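Here's a walk through one protein model, written for someone who likes to know the cut-offs behind each label. Have the viewer open alongside.

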Amino acid sequence: MTQWYTRAAAKGVVISGQLWQPNRLLRMSTNCNNDNTNNHDDLDSIFKQKRILRTQVRKTLKAIDPSLRSQQDNAIQDIILGAPWFKSSLRLCAYISCSALREVDTFKLLSQILQPPPSGGKKLYVPRVEDKNSNMRMLNVSRIDDLVANSMNILEPDPVDADGNAREDVLQANEPVDILLLPGLAFDKSGRRLGRGGGYYDTFLKNYQDLAETQNWKQPLLVALSYSQQILDDGVIPVTSTDVLVDALVSPEGVIPISSAAFNRMDI
């Protein structure tokens, strides 16, 4: 297993035996240089670092033995299904896993959520990509059969249900969600998340957090599902001011709370 784990080297990052040398990890802060040219150069550097890291992580994920991947999928989903913080949730958003993207599988989770009470009965919202401009909605579904393959062969809900009624958009719902279960390419234990570069989740999460603040709702827990190989050392993942941090990770080894909200609400 050790060969699969991503780790930081003294002057670089070793991923599956390959050395990735960041020029420097740039962090956006309130006291950053106001010069537009420098800011543009900084962002270009960060985006380049992210592209390099995505390539390396994809190679690592591709190299995972299918049987090991399946074991990790089951372990992660079983941990979530057995967790008190999940059992007590009433409304949540969750991604629909895509095996071609080598995402942690969620179909056991989704099937359980969509069961009638007492085993299920939660209200579920799942993503639907609207365009190529980072616009994504989370729409309510009540059955697995509500999902259809899009042009990328990724399952998502139709905007209307079988009766022709528009599905409820979580951004227009009258009640808050408790949890958002998130995908990603890589994560660290400080809450950084490396997505696939489209900006869909960061855009949606910022919009939902703004809504929750406006409505005076408790912010939902942002919980990322991660294979062991996707958890990198702190500081390896470069971030910008638009990157949203997660509250907790769930890996085959267990739940990793990160934010104070996660420690308080997960009771770990």
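## A loop residue to start with

Ile144 counts as partly exposed, at 30% relative accessibility. The scale behind that label runs like this: under 20% relative accessible area is buried, over 50% is exposed, and partly exposed is in between, using a 1.4 Å probe and protein chains only. Ile144 sits in the loop between β6 (136-141) and β7 (147-149). Helices and strands here are DSSP runs numbered from the N terminus, with H or I over at least four residues for a helix and E over at least two for a strand. Leaving aside neighbours within four places in sequence, Ile144 is in contact with Leu110, Ser111 and Leu114, where contact means heavy atoms within 4.5 Å. Leu110 is 34 residues away from Ile144 in sequence, yet the two C-alpha atoms are 7.7 Å apart in space.

Some housekeeping: this is a predicted model, in which local features need pLDDT of at least 70 and side-chain atom pairs count only at pLDDT 80 or more, while totals for chains, interfaces and linings use all residues. Residues are numbered from 1 along each chain as its sequence is written, and side-chain values use heavy atoms, with hydrogens and water left out.

## The overall picture

The protein has 6 helices and 15 strands. Of its 268 residues, 47% are buried. Take the contacts in the protein with a separation of 6 or more: 69% of them involve residues 24 or more positions apart.

The largest nonpolar core has 65 residues, and Trp85, Phe86, Leu124 and Phe204 have the most contacts inside it. A core of this kind is a set of buried Ala, Val, Leu, Ile, Met, Phe, Trp, Tyr and Cys residues joined through side-chain atoms within 4.5 Å. Helix α5 (residues 200-215) supplies the largest share of this core, 6 residues.

What does Trp85 touch, beyond residues up to four places away in sequence? The list is Ile80, Ile179, Val223, Val250, Val255, Arg265 and Met266. As for Phe86, Lys122 lies over its face, 5.0 Å from the ring centre; the rule wants NZ of Lys or CZ of Arg within 6 Å of the ring centre and within 35 degrees of the ring normal.

## Two helices

Helix α5 has 16 residues that should span 22 Å at 1.5 Å a residue, and its end C-alpha atoms are 23 Å apart, so the two agree. The expected span is 1.5 Å times one less than the number of residues. Buried residues of α5 are Tyr201, Asp202, Phe204, Leu205, Tyr208, Leu211 and Ala212. They pack against β4, β5, β6, β9 (179-182), β11 (193-194) and β12 (221-225). Just after α5 comes Asn216, with a positive phi of about 60°.

Helix α2 (residues 66-82) has 17 residues and reaches 24 Å from first C-alpha to last, close to the expected 24 Å. Its buried residues are Leu68, Arg69, Gln72, Asp73, Ile76, Gln77, Ile80 and Leu81. An α-helix has 3.6 residues a turn, so residues three or four places apart point the same way.

## More loop residues

Here are four more loop residues and how accessible they are.

| Residue | Loop | Relative accessibility |
|---|---|---|
| Arg102 | between β4 (91-94) and α4 (107-113) | 28%, partly exposed |
| Glu103 | between β4 and α4 | 13%, buried |
| Ser134 | between β5 (123-129) and β6 | 17%, buried |
| Ile237 | between β13 (231-232) and β14 (248-251) | 0%, buried |

Backbone angles are worth a look too. Arg102 has a phi near 60°, a positive value in a residue other than glycine. Ser134 also isn't a glycine, and its phi is positive at about 70°.

Leaving aside neighbours within four places in sequence, Glu103 is in contact with Asp73, Tyr95, Ile96, Ser97, Cys98, Pro183, Arg196 and Tyr227. With the same kind of neighbours set aside, Ile237 is in contact with Leu53, Ala186, Phe187, Asp188, Arg192, Arg193, Leu194 and Leu232. Ile237 and Arg192 are 45 residues apart in sequence and 6.7 Å apart in space, C-alpha to C-alpha.

## Cysteines

How many disulfides are there? The count comes to 0, taking a disulfide as a pair of cysteine sulfur atoms within 2.5 Å. Cys93 is buried at 1% relative accessible area, and Cys98 is buried at 10%.
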